[in-house]
Every structure is written in C-alpha cells, then in structure tokens.
Amino acid sequence: MDKFKEKLAALREEVNAADARALEAETKAKLLQDEQIQKDHEITSLKNKLTLVEADLEKAENRIAEAKLNLDEGETSKTVGETLARKVSLLESELDNAERNLRETTEKLRQMDIKAEHFERKVQQLENERDTYERKVEDLTTKYNGIKLELDDTLKSLDDL
C-alpha cells in the first residue's frame, strides 16, 4: 500500500513537472512569437526605408544626368555635378547598408521561425506526455479505488467471522 502511494506521489510529481515544462515551453513560444512580430515590423520599416532610399537614388541619378548635360555650361555645373555625385555615393552606400540590414533581419527572422517551430513541437510533445501521465494517473486511481473496495470487503468479511 505504501509502495502504491509512493508510486502515485511520484506520478503526481512527474505530472506536475510535465505541466511546468509545458507552461515554460508555451511561454517561450509566446516570447518567440512576439519577437517574430517585432522583427516583421522591423523588416517592414527597413523595406519602407529602402523604398525611400531607392527613390532618392533615382532622383539623384536624374540630377546627375541633368548635371552631365549642363557640364558644358561651365565651372558652376561641374561643382553641382560633383556635389550630386557625392550625394549619389552616399545614397548608394546607404542603400547597401539598408540591403545588408534587410538580409540580416530576414536571416534572423528565418532563424526565429525555425526556433518557434521547434518550441511548438516541444510544446506538443510535452502536452502529449502530460496527457499520457494524466491517463496513467486516472488508471492508477481507478485501480486504487478497486483495490481499496476489495480490501474493505475483505476486512468486513474478516470482521464478520
């Protein structure tokens, strides 16, 4: 009887531990989902910045083309062209930086997706373990109650003798 109680207590501890692990995994999955949403927002922001930089680059390229046409007009046009060329260089470097940031963020997002899927599988696995342990506890409780009734009947019959 004591062994049975010990086993039952051990099973209860296992179920409690499994519940705690499942809760922890769900919390981690939620955090990862929140982080993924944040990364999605960051990607959207970077895409918008990239669009703006591309538009600026296009404007700068148009200005450079105009400056090249006006180059024959003199030294003033040359200065404007050099200024625009520097702006184009700056915009191109900003575009390169934005594209690099976008690639890095996309890669991080992929990694987060992989981690989120891993944690979701882990949560599912822990939930399955918890369900298995709950069924075992129910089966053991049913057996315990049956044995208890049988013992009570036996004790009652012994008392009747």
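**Exercise 1. Describe the place and surroundings of T105.**

Solution. Step 1: T105 is located in helix α2, where helices are DSSP runs of H or I with at least four residues, strands are runs of E with at least two, and numbering starts at the N terminus. The model is predicted: local features need pLDDT of at least 70, side-chain atom pairs count only at pLDDT 80 or more, and totals for chains, interfaces and linings use all residues. Residues are numbered from 1 along each chain as its sequence is written, and side-chain values use heavy atoms, with hydrogens and water left out.

Step 2: T105 has a relative accessibility of 5% and counts as buried (buried is under 20% relative accessible area, exposed over 50%, partly exposed in between, with a 1.4 Å probe and protein chains only).

Step 3: A polar atom of the T105 side chain lies 2.7 Å from the backbone oxygen of N101.

Step 4: Apart from neighbours within four places in sequence, T105 is in contact (heavy atoms within 4.5 Å) with K39, E42, I43 and L46.

**Exercise 2. Characterise the aromatic pair of the structure.**

Solution. Step 1: The structure holds one aromatic pair (rings of Phe, Tyr and Trp, the last by its six-membered ring, with centres within 6.5 Å; planes under 30 degrees apart are stacked, over 60 edge-to-face, the rest tilted). F4 and Y144 form this pair, which is stacked, with 5.1 Å centre to centre and 5 degrees between the planes.

Step 2: Because F4 lies in helix α1 (residues 2-69) and Y144 in helix α2 (residues 75-160), the pair ties together parts 140 residues apart in sequence.

Step 3: F4 is partly exposed at 21% relative accessible area, and Y144 is partly exposed at 22%.

**Exercise 3. Analyse the salt bridge between R21 and E129.**

Solution. Step 1: The structure holds seven salt bridges (a side-chain nitrogen of Lys or Arg within 4 Å of a carboxyl oxygen of Asp or Glu). One of them joins the side chains of R21 and E129, at 3.1 Å from N to O.

Step 2: This pair links distant parts of the chain, with R21 in helix α1 and E129 in helix α2, 108 residues apart.

Step 3: Both residues are partly exposed: R21 has a relative accessible area of 38%, and E129 one of 26%.

**Exercise 4. Describe the overall form of the protein chain.**

Solution. Step 1: The secondary structure comprises two helices and zero strands.

Step 2: The radius of gyration (over C-alpha atoms) is 35 Å, well over the 15 Å that the globule rule (2.2 Å times the number of residues to the power 0.38) gives for 161 residues, so the chain is more spread out than a compact globule.

Step 3: Along the principal axes, the C-alpha atoms fill a box of roughly 130 × 15 × 15 Å.

Definitions and conventions:
A polar contact is a pair of N or O atoms within 3.5 Å; within protein, one must be able to donate a hydrogen and the other to accept it, and residues adjacent in sequence count only if both atoms are side-chain atoms.
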